[in-house]
Amino acid sequence: MERAWASGYEAMVVTVDLPTGGKRERDARNRFAQPFRPGIGQMLEALTKPDWSWRILANGGLPQLENLRGLTRRSDESLATLASSVGQQLDASFDERGLARLRAMWKGKLVVKGVTRADDAERIVGLGADAIWISNHGGRQLDGAPATLDVLPDMVEAVGARVPVMLDGGVRRGSDMVKARALGAQCVCAGRPTLYGASAGGYPGAQRALAILADELHRCMQLTGARSMAEISRDLVRP
Ligand SMILES: Cc1cc2nc3c(=O)[nH]c(=O)nc-3n(C[C@H](O)[C@H](O)[C@H](O)COP(=O)(O)O)c2cc1C
């Protein structure tokens, strides 16, 4: 946190929906485990995409999580190792006291991510959080967790007058942003769209994914007659 503050970061996001890793069967099926050993299927897939494979090889191999380098307990710090060690590096006893301690230590804005219950949101705002980020971790943690859009109205009613309410999870279209805005979100975030873009085309690919979302947002606003964010009102959606 001191490093982040010294580097000029103004807000810190604390994720609270990951006391342990979810059961990620797709990771297991794709052998996204440690140590990472590509199987026949992955090799064949790579062969069918020579341009992509060549670019990965030319750029130094599989991507690494640079900001976590040196912070793991293992010597092997490949992306797959880090991803599959989710859950082993976490403190499952982190609770409201822990959050209060972080609040006291961090001078900037504190955002709490991974909240889907109004009563939790109230308590977290009571502890001094500056924003609530509704998230079910993209559905990667708890199967059966509610869709974030479904809980949004309750959350906005509970804390929306005090702090901004943000939302992520399944934002794939500009119209998804309009729906979230109409139901009271101040901000939406997208995880996988930019990851897909980056996987397909590197940094420009990630920018392209955002450009597509922005274009769809404008188009949807025009089609619904909203000239500004403020005009994206609740009556645009029907339950
Ligand atoms: C590969 C991957 C890694 C993620 N790692 C983290 C993480 O380390 N911390 C975190 O708070 N959320 C993490 N998330 C969840 C995202 O921050 C975000 O909540 C989620 O992807 C939003 O849903 P979407 O992908 O449908 O847009 C991760 C998501 C993906 C797909």
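**Reasoning from values to terms in a predicted model**

Tutor: Among contacts in the protein between residues at least 6 apart in sequence, 57% join residues at least 24 apart. The model under discussion is predicted.

Student: Where is Gly 197 placed in the protein?

Tutor: Gly 197 lies in helix α10, which spans residues 192-224.

Student: Why is Gly 197 called buried?

Tutor: The term requires 20 or more other C-beta atoms within 10 Å. Gly 197 has 22 such atoms within 10 Å, and therefore it is buried. Of the 239 residues of the protein, 19% count as buried.

Student: Which residues does Gly 197 touch, leaving aside those up to four places away in sequence?

Tutor: Gly 197 touches Gly 205, Ala 206, Arg 208 and Ala 209. A contact requires C-beta atoms within 7 Å.

Student: What separates the C-alpha atoms of Gly 197 and Leu 210?

Tutor: Their C-alpha atoms are 8.6 Å apart, and the two residues are 13 residues apart along the chain.

Student: What makes a residue count as one of those around the ligand?

Tutor: Its C-beta atom must lie within 6 Å of the molecule. There are 13 residues around the ligand, and Thr 15, Gly 138, Asp 168, Gly 191 and Arg 192 come nearest.

Student: How do the residues of this shell divide by character?

Tutor: Three are nonpolar, seven polar and three charged. Gly counts as polar under the classification used.

Student: Which domains does the domain assignment give?

Tutor: The assignment gives domain 1 (2-17 + 96-236) and domain 2 (25-84). Their C-alpha centres lie 28 Å apart.

Methods
Residues are numbered from 1 along each chain as its sequence is written. This is a predicted model: local features need pLDDT of at least 70, side-chain atom pairs count only at pLDDT 80 or more; totals for chains, interfaces and linings use all residues. Domain bounds come from an automatic or database domain assignment. A residue is buried if 20 or more other C-beta atoms lie within 10 Å of its own, exposed if 12 or fewer, and partly exposed in between; C-beta atoms are placed from the backbone. Two residues are in contact if their C-beta atoms, placed from the backbone, lie within 7 Å. Helices (H or I, at least four residues) and strands (E, at least two) are DSSP runs, numbered from the N terminus.
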